[in-house]
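Take a look at the model below and give it a slow turn or two. We'll start with a single residue and work our way out from there.

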Amino acid sequence: MTATVLTPPAPRYGIFRPRRLVVALVLLALALAPGDLGEVTRGLIVDAFVQVSGFVAATLILFYGAEKLFRFDIGTSLRNAKGWQVPLAALLGATPGCGGAVVVVAAYSSGNVTFGAVVATLTATMGEAAFLLIATRPDAALVVLPLSFAVGILSGWIVDRLPGSDRPPRNTGSCEFAPLIGRTRAKDLTYAAFALPGLIVGITQLTGADVAAVFGPLLPIVGLGGTAVGLFIWATSRLQAMTNVADSPVTRMAEETSFISVWVIGAYLAYDYIVMFGGFDLAALFNAIGPLLPLMGVLIGLVPGCGPQVLVTTLYVGGLIPFAALMGNAISNDGDALFPAIALDPGAAVRATVYSTVPAVILAYGFHWLAPGFLN
């Protein structure tokens, strides 16, 4: 007799979730606050959208669109890859942006990949900072990205052989059996309409251009408008973090990018509020601590999200920190993929972060001691 698998009932969309609504209203109040607080908040929200959300949306629509177009499931493909699972997960993680790593986290939550594959993708990813490094220091990118990929594979293979690594994820089946939305909604298309110009602004910014001068009043319209639509999607969604594999690529992109973006905005605000209102000067700190620079790069990499990591890459490009610190940050940096990992399985997210920290410290101090002037 064949067992019947019951999927959760379809949720009632369009009804606000109270806790998420409170968060959205707090962000709105901060953005509308008078004086420096409101001005800084609006600027950070715009930065979060064009520097992160646009790229996340593009990579997710690329992956999910390819699934639909070629009629395959990435999670199932990874599960069937067997011995190639960890290298493929590392390759997805090494792809600039966080979309590939998010896909692997989703596959783990569905029970399609091993925990070692998650460690591999989180170790290999550099997140949105990879775009900045490629645009400004391609010579360093040619070292960092392949090395992160190789370290990711090695780390994943080692972790899969550790005791307890076969522990199932807490939310097995969350992607296949997430509530089915079943249609591409107007708010999904609206979010995509903001994400596309957001991506264009983000790419322009990576070239070093003054986007405020290039795009003028369009910049805050795109950043604030896209964020507002994303907050509405997130505050009315009954999904936890990941979407049903049967939904349209546009819907999946809008739902998952909106979820990630809320965490990114929170990280941007928390970090920059401390920097701007607390007098914390990261560049001055880096200049003062000398031999601890590689360790500082690693520790900043533990902060979820891409904002602090983009800052570390910016400091490297500006000549304020050595390559060793950048390398340590690139390995320990889990990017935006850590946000859905925390939501789906906090214990696994913490363990994956700890595991990626070990090779980060080794490589950072390897370059610090053995090649102190390399690519500086």
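A helix here is a DSSP run of at least four residues, and helices are numbered from the N terminus. With that in hand, find Ser148, which sits in helix H8, spanning residues 138–160. Keep in mind as you look that this is a predicted model.

Is Ser148 buried or exposed? A residue is called buried when its relative accessible area is under 20%. Ser148 comes in at 1% relative accessibility, so it counts as buried. And who are its neighbours? Leaving aside residues up to four places away in sequence, Ser148 touches Thr123, Ala124, Met327, Ala330 and Ile331.

Now hop over to another helix, H4, which covers residues 85–94. Eight of its ten residues are buried, so H4 is largely enclosed by the rest of the structure. The buried ones are Gln85, Val86, Pro87, Ala89, Ala90, Leu92, Gly93 and Ala94. What do they pack against? Their partners are helix H2 (35–70), helix H3 (74–80), helix H5 (99–109), helix H6 (115–124) and H8. That last one is the helix where we found Ser148.

Time to visit the surface. Leu292 lies in the loop between helix H13 (282–289) and helix H14 (293–301). With a relative accessible area of 44%, Leu292 is partly exposed, because that label covers everything between the buried limit of 20% and the exposed limit of 50%. Leu292 also has company: together with Leu295, Leu299 and Val361, it makes a nonpolar surface patch of about 290 Å².

There's a hollow to explore too. The largest pocket has a volume of about 280 Å³, and 17 residues line it. Nearest its centre are Ala24, Leu27, Leu28, Ala228 and Leu231. Which helices supply at least two residues each to this lining? They are helix H1 (18–32), H2 and helix H11 (218–236). H1 gives the largest share, with seven residues. H2, you may recall, also turned up among the partners of H4.

Finally, zoom out to the whole protein. You'll find 18 helices and zero strands. Of the 376 residues, 55% are buried. Now take the contacts between residues at least 6 apart in sequence: 83% of them join residues at least 24 apart. As for the outside, the accessible surface comes to about 15800 Å², and carbon and sulfur atoms account for 72% of it.

How values were computed: Residues are numbered from 1 along each chain as its sequence is written. This is a predicted model: local features need pLDDT of at least 70, side-chain atom pairs count only at pLDDT 80 or more; totals for chains, interfaces and linings use all residues. Side-chain values use heavy atoms; hydrogens and water are left out. Buried means under 20% relative accessible area, exposed over 50%, partly exposed in between (1.4 Å probe, protein chains only). Contact means heavy atoms within 4.5 Å. Patches are made of residues with over 30% relative accessible area and no salt bridge: like charges are joined within 9 Å, nonpolar side chains (Val, Leu, Ile, Met, Phe, Trp, Tyr) within 5 Å. Accessible areas come from the Shrake-Rupley method with a 1.4 Å probe; for residues, only the protein chains shown count as cover. A salt bridge is a side-chain nitrogen of Lys or Arg within 4 Å of a carboxyl oxygen of Asp or Glu. On a 1 Å grid over the protein atoms alone, a cavity is a set of points where a 1.4 Å probe fits but cannot get out, and a pocket is an open set with protein on both sides within 12 Å along at least five of seven lines; lining residues have an atom within 4 Å of a point. Grid points are joined across faces, edges and corners, and a volume is the space filled by probe spheres set on the points.
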